[in-house]
Amino acid sequence: MAADRAVVSALRRLHRRDPLRPAFRLDAVLAEVGAASRPAAAGHRGGSQVALDAAGVDAALARLAAGGTVRRDGRRVSLAEHVPELGGEMRARVDRLLNGLRETGAAPPRVDGIAARLGVPAGVLDALRSSGELVAVAPGIDYPRDVLAAIDERIDALAASGPLTVPRVRDALRTTRRHVEALLARRRARRAARRGRREVRSPRPGA
């Protein structure tokens, strides 16, 4: 059916744009189907001529799920054939992005602009953060996981030999005040979270 083909095409486009996301919400699928069903330019035969509302998309998804083409879990759906991973070209772009960030050490630039130049979409950046390959320590400050682990070790060593003042950490890491403040704020938050977990596991006597 034309409606089923339109929904499958929409899911394929969504998976191409965000290959690490395992599934999409129904509203995202509906929006994608709607965008593709807008009237094509005069004489152009490539545009979809199927106009589907929410009920039509839902019915198509039900048929596709019954036939094994689509996986559905509540309000999240994906193509059954989809494996959340980066394809060859996108993986190469991501590797260039991460390697470029590694070269900047403890003072990475904003990742969004670099990603846009390399053709890495925002959805892939979100997926890299979700998977832990890229770690956001503050708005506009992201580190590759291995770089941040090395920085954490360096800060731990500094803490063992003296106070963690911003100037001291900045000079040791050869970075900027902004980056140091974000790193130290993250460190404090993580230590506070660990203390909270220990207190939950070990309640006071008589509590």
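**Figure 1. Helix 5 (111-118), helix 6 (122-131), strand 4 (134-138) and strand 5 (141-144) are among the elements that cover the buried residues of helix 4.** The view is taken from a predicted model. Helix 4 comprises residues 88-103, and its end C-alpha atoms are 23 Å apart; this agrees with the 22 Å that 16 residues should span at 1.5 Å a residue. The buried residues of helix 4 are M90, V94, L97, L98 and L101. These residues lie on the same side of helix 4, because they cover an arc of only 90 degrees around its axis. On the face turned away from this buried side, helix 4 carries the exposed residues G88 and E103. Just after helix 4, G105 adopts a positive phi of about 65 degrees.

**Figure 2. Surroundings of L128 in helix 6.** With a relative accessible area of 0%, L128 is buried; the cut-off for this class is under 20%. When residues up to four places away in sequence are not counted, L128 touches L20, V94, E133 and L134. One of these partners, V94, is among the buried residues of helix 4, and helix 6 is itself included in the cover over the buried residues of that helix. In space, the C-alpha atoms of L128 and P144 are 9.4 Å apart, whereas in sequence the two residues are separated by 16 residues.

**Figure 3. Helix 1 and the elements that cover its buried residues, including helix 3 and strand 1 (24-25).** Helix 1 has 16 residues and reaches 23 Å from its first C-alpha to its last, a value close to the 22 Å expected at 1.5 Å a residue. The buried residues in helix 1 are A3, D4, A6, V7, V8, A10, L11, L14 and H15. In addition to helix 3 and strand 1, the cover over these residues includes helix 2 (26-36), strand 2 (70-73) and strand 3 (76-79).

**Figure 4. Packing of helix 1 (residues 2-17) against helix 3 (residues 54-66).** The axes of the two helices are 9 Å apart and form an angle of about 85 degrees. Helix 1 is therefore roughly perpendicular to helix 3, a class that takes in angles of 65 to 115 degrees. From helix 1, the contact is made by A3, D4, V7, V8 and L11. From helix 3, the partners are V57, A60, L61, R63 and L64. By residue class, the contact of helix 1 with helix 3 holds eight nonpolar, no polar and two charged residues. Of the helix 1 residues in this contact, A3, D4, V7, V8 and L11 are listed among those buried in that helix.

**Figure 5. Crossing of helix 7 (residues 145-161) and helix 9 (residues 177-201).** The axes of these helices come within 12 Å and cross at roughly 80 degrees. Helix 7 and helix 9 are therefore roughly perpendicular to each other. Helix 7 contributes L148, I151, D152, I155, D156 and A159 to the contact, and helix 9 contributes L183, L184, R186, R187 and R190. The residues of this contact divide into six nonpolar, no polar and five charged.

**Figure 6. Contacts of V169 in helix 8 (residues 166-173).** V169 counts as buried because its relative accessibility is 0%. Leaving aside neighbours within four places in sequence, V169 is in contact with I155, L158, L164, V180 and L184. Among these partners, I155 and L184 also take part in the contact between helix 7 and helix 9. V169 and A159 are 10 residues apart in sequence, and their C-alpha atoms are 9.4 Å apart in space.

**Figure 7. Position of A138 in strand 4.** A138 is partly exposed, its relative accessible area being 21%. Along the chain, A138 and R186 are 48 residues apart, while a distance of 8.3 Å separates their C-alpha atoms. R186 is one of the helix 9 residues that meet helix 7, and strand 4 is included in the cover over the buried residues of helix 4.

**Figure 8. The protein chain as the setting of the close-up views, with nine helices and five strands.** From the N terminus on, the elements run α-β-α-α-β-β-α-α-α-β-β-α-α-α. Of the 207 residues in the chain, 36% are buried. Among contacts between residues at least 6 apart in sequence, 54% join residues at least 24 apart.

Notes: Residues numbered from 1 in each chain as written. Predicted model: local features only at pLDDT ≥ 70, side-chain atom pairs only at ≥ 80, totals over all residues. Heavy atoms only, no water. Helix = DSSP H or I, 4+ residues; strand = E, 2+ residues; numbered from the N terminus. Expected span 1.5 Å × (residues − 1). Buried < 20%, exposed > 50% of the residue type's maximum accessible area, 1.4 Å probe, protein only. Arc of directions from axis to C-beta. Contact = heavy atoms within 4.5 Å. Axes fitted to C-alpha atoms, helices over the stretch in contact; angles between N-to-C directions. Parallel < 35°, antiparallel > 145°, perpendicular 65-115°, else oblique. Nonpolar A, V, L, I, M, F, W, Y, C, P; charged D, E, K, R; others polar.
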